[in-house]
Amino acid sequence: MAQSAVYPGPVMTADLRTTAGESLYPRLEPLLAQIQKPIQYVGGELNAQLKPWETADVHWALMYPDAYEVGLPNQGLMILYEVLNERPDTLAERTYAVWPDLAALMREAGVGQFTVDGHRAVRDFDLLGVSFATELGYTNLLEALDLAGIPLHVVDRDESHPVVVAGGHAAFNPEPVADFVDCAVLGDGEQAVGDITDVVKAWKAQGRPGGREELLARLARIDGVYVPRFYAVSYGPDGTIAAVTRTRDDVPERVGKRTVMDLDEWPYPKTPLVPLAESVHERMSVEIFRGCTRGCRFCQAGMITRPVRERTITGIGSMVEQGLKATGYEEVGLLSLSSADHSEIGQVAKELADRYEGTNTGLSLPSTRVDAFNVTLANELSRNGRRSGLTFAPEGGSERIRRVINKTVSKEDLVRTVTTAYANGWTQVKLYFMCGLPTETDEDVLEIADLAVEVIRAGREASGRKDIRCTVSIGGFVPKPHTPFQWASQASPEVIDNRLRLLRQKINEDRKIGRSIGLRYHDGKPGAIEGLLSRGDRRVGRVIERVWREGGKFDGWSEHFSYDRWTQSAAEELAAFGVDLDWYTTRERTEHEILPWDHLDSGLDKEWLWDDWQDAISEEEVADCRWTPCYDCGVCPTMGTEIQIGPTGRSLIPLTVV
Amino acid sequence: MARQPDGPPPPPTVQKLRIRYAKRGRLRFASHRDLARALERALRRAQVPMAFSAGFSPHPKISYLGAAPTGAASEAEYVEIGLAVRCDPEAVRAGLDAALPEDIAVLEAVEAAPGTGSLADRIDTSVWRLELPGLSLTELAPAVEKFLAADVVTIAKRTKNGLKDIDARPAVASAWVGDEAGCAILHMVVRQGTPAVRPDDVLAALAAVADLRPPSPPRAVRVAQGRLDDTGTVADPLGPDREARPLQEHAAI
């Protein structure tokens, strides 16, 4: 590539040829003795799987493009790892982003990107599946491709190279990485990976007819699989997209997402991986439902994973039981986008607490909605384990802004709920907020301080204790595709940093109260880059590549993230197109602008999204379709799906004494 | 006054087991904290009836003794666990061994005999074996001789507060060399103490006295730990417990 000549970057120059499936471990081992935290590269986790190479027809390398400690607990990857390895004709191994210390030694010694299970070269696999929970992992994808010896650009790959498949929430707009990924899977992966495996297996068995092009064309005909190279994008004079057109008539005009129905039939992970190394989540997790229809307008996850599909109480019970036996963890996280909303949550918590009485097994929910919290539930959750802090996510500081984002809760209810928690023995409460929401003013953010002060004052009174604490955690809002805020202007880092500064001043005004309030925040700069990558189009790929060539990686880590490198690369690479960083971030879009992801179908009706955006501006709320009539977001009829919720009326039978 | 959870205190420790285990193969790259986590989870999977501390955050009663450094293998790591129900030590050993990864082997478990003193008091020395790939015996032997002949060998050791000069010589009670399949082997008996002298420090000392620089990183194995006796070897730290306690009745686990 021309760019390589200008920016040589950290490229792999060694010859990486190996015998397919051979272990690189003997060559890796001497390198491990020279680096930090070598344990993350050796594999051998409890419940890891290793199959002989030649017993499988199709080989998948599954990557989480961040450090091992972040990637290992990822549920999505763990699910696909099991689902794929259950097939006798398929082998799946895991690979993670390699830290710069080892990457440098690997380039020196000519050791390619490897899997941690069999230490096999990623280059040898048929497929490289990469799960993007956040767009800040894109530079790590390029680093891994280079370390693997896979050409960065899809156009430079031949049929001997792995097919690079992107998944995860960020795959709902894969356009910024369209030059680097062969396909993207939209929506739930459990069934899609099986379909992809079938296609690859058949193509290989037939002697690879038509080469890579034919394989990708066959993949493009699988429901939910998007192959960017078969779609051409043209731009108008103002820089916006003029048209997205398919270049073959045997691929769909719009690609729709996949949805797994009946979660009880997909009880994965059955045997969660347990690392020796420390990871970000020292617990096992059971997903108690998927999807959310609360309608929070900022929340991409809630929009693209509709409808709500609950796992039943008995399904949850057996996953908890099997998972605890298989792992030895002492805490079980009941995961979902809003766990207290499960139709049987009270019963689930009580019956699980009964079941594990006396075993020091704790239950936890991720952040709880203020309006779904009750003390009985919280007591059941902490009955056998540790009474750690409680976390609520009001997200918006004022009642007004909470109407804008459609997460309505009154200040009185918020204070009452948190006070109840203090009165019942919790001493730590964490509150999550966002800054830079559409229509937000300084006053909206400053109300967070009033709220925190009120919470501490009322909490001290109700509990009779002085040592209660409230931590306010706040981050910059990034507008995401497929949400009503996809048209919004993103607040600039200067606006966000200024509001956070004002907030900090106000919290510290009254030291007697302020000392009980902690403030944790991130500056607005990484959010601006996340915004560029979230709502970017194919032109942004040039920026990502430039940043990586100049040494950018691990952008989710403040010690590696360089805002200057990003802004400078963006300015230089985008100038030729007449657009810039602000054009992608702070610019408000108009109703009929073709958005880069319009040909990717999350099921949401674009008109409904626009109307909901207008409702947001006029501070109008929308209710949850689980409890009120359908408001025509479009997902169920488009995707042929339906809401699946309880209660089932079933209960957990006590287990025989262990 | 610290608040206490409602309900009765946890059951007391009724039996202490002292355990020797090995870390081998790939798991030589596990740190002490990694091993501690793996052990605690394995105790749960093996359903060993652990005694717990009281309070809102009950912890299983486990005491660790000085761990081999990350990157070094070991055949002699020690840990002591407190049980709430009496168990057959051999059954605990087998159950725990099965619940741990293959590269961690639980080698022995004995009941701590009352009145014989603490395990920590029976360990002050490590016996090491270092494989030095790519180095020949003829290169290694004179360097080791030179090191042993020296009174003081100062090396720079990396600590939390930056580099610090230490004398690596006094901790090394004895050292001898050998070779296997053309690979030089360094054996040594090293006293534990402060500042700790680890295999890497001895190699740094060999570089300092004889400019010896192995072409690739050594593979170190801690072969034994115990109290250094007059003969220059170490005594089995579990010996006193084994001698003090004949067979006894135990609850099955």
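## Exercises on a predicted two-chain model

In chain A, strand 10 (residues 284-287) and strand 13 (residues 331-335) run parallel and are joined by 4 bridges. Strands here are DSSP runs of E with at least two residues, helices are runs of H or I with at least four, and both are numbered from the N terminus. This is a predicted model, where local features need pLDDT of at least 70, side-chain atom pairs count only at pLDDT 80 or more, and totals for chains, interfaces and linings use all residues. Residues count from 1 along each chain as its sequence is written, with chains lettered from A and ligands numbered from 1 in the order in which they are written.

**Exercise 1.** Work out which residue stands opposite A:Met284, and whether the faces of strand 10 of chain A are covered.

*Solution.* Start with the partner: A:Met284 faces A:Val332 in strand 13 of chain A. Next, check burial (20 or more other C-beta atoms within 10 Å of a residue's own; 12 or fewer is exposed, in between is partly exposed; C-beta atoms are placed from the backbone). A:Met284 and A:Val286 on one side are buried, and so are A:Ser285 and A:Glu287 on the other, so both faces are covered.

**Exercise 2.** Trace the open sheet with strand order 15-16-17-18 in chain A, and find its edges.

*Solution.* Pairing first: two strands pair if DSSP finds at least two bridges between them. The 4 strands of this sheet pair in parallel. Strand 15 (390-395) and strand 18 (517-521) of chain A each pair on one side only, which puts them at the edges. From one strand to the next, the twist averages 20°. Now bring in helix 16 (residues 493-507) of chain A: it packs on the sheet, touching strand 16, strand 17 (469-476) and strand 18 of chain A. Its direction makes about 170° with that of strand 18 of chain A (axes are lines fitted to C-alpha atoms, for helices over the stretch in contact; angles run from 0 to 180 degrees between N-to-C directions). Contact means C-beta atoms, placed from the backbone, within 7 Å.

**Exercise 3.** Locate A:Glu593 and explain its exposure class.

*Solution.* A:Glu593 sits in the loop between helix 21 (581-584) and strand 19 (600-601) of chain A. It has 15 other C-beta atoms within 10 Å, so A:Glu593 is partly exposed. Its C-alpha atom is 23 Å from that of A:Ala184, 409 residues apart along the chain.

**Exercise 4.** Count the residues on each side of the contact between chains A and B.

*Solution.* Chain B puts in 24 residues and chain A 21.

Methods:
Contact = placed C-beta atoms within 7 Å.
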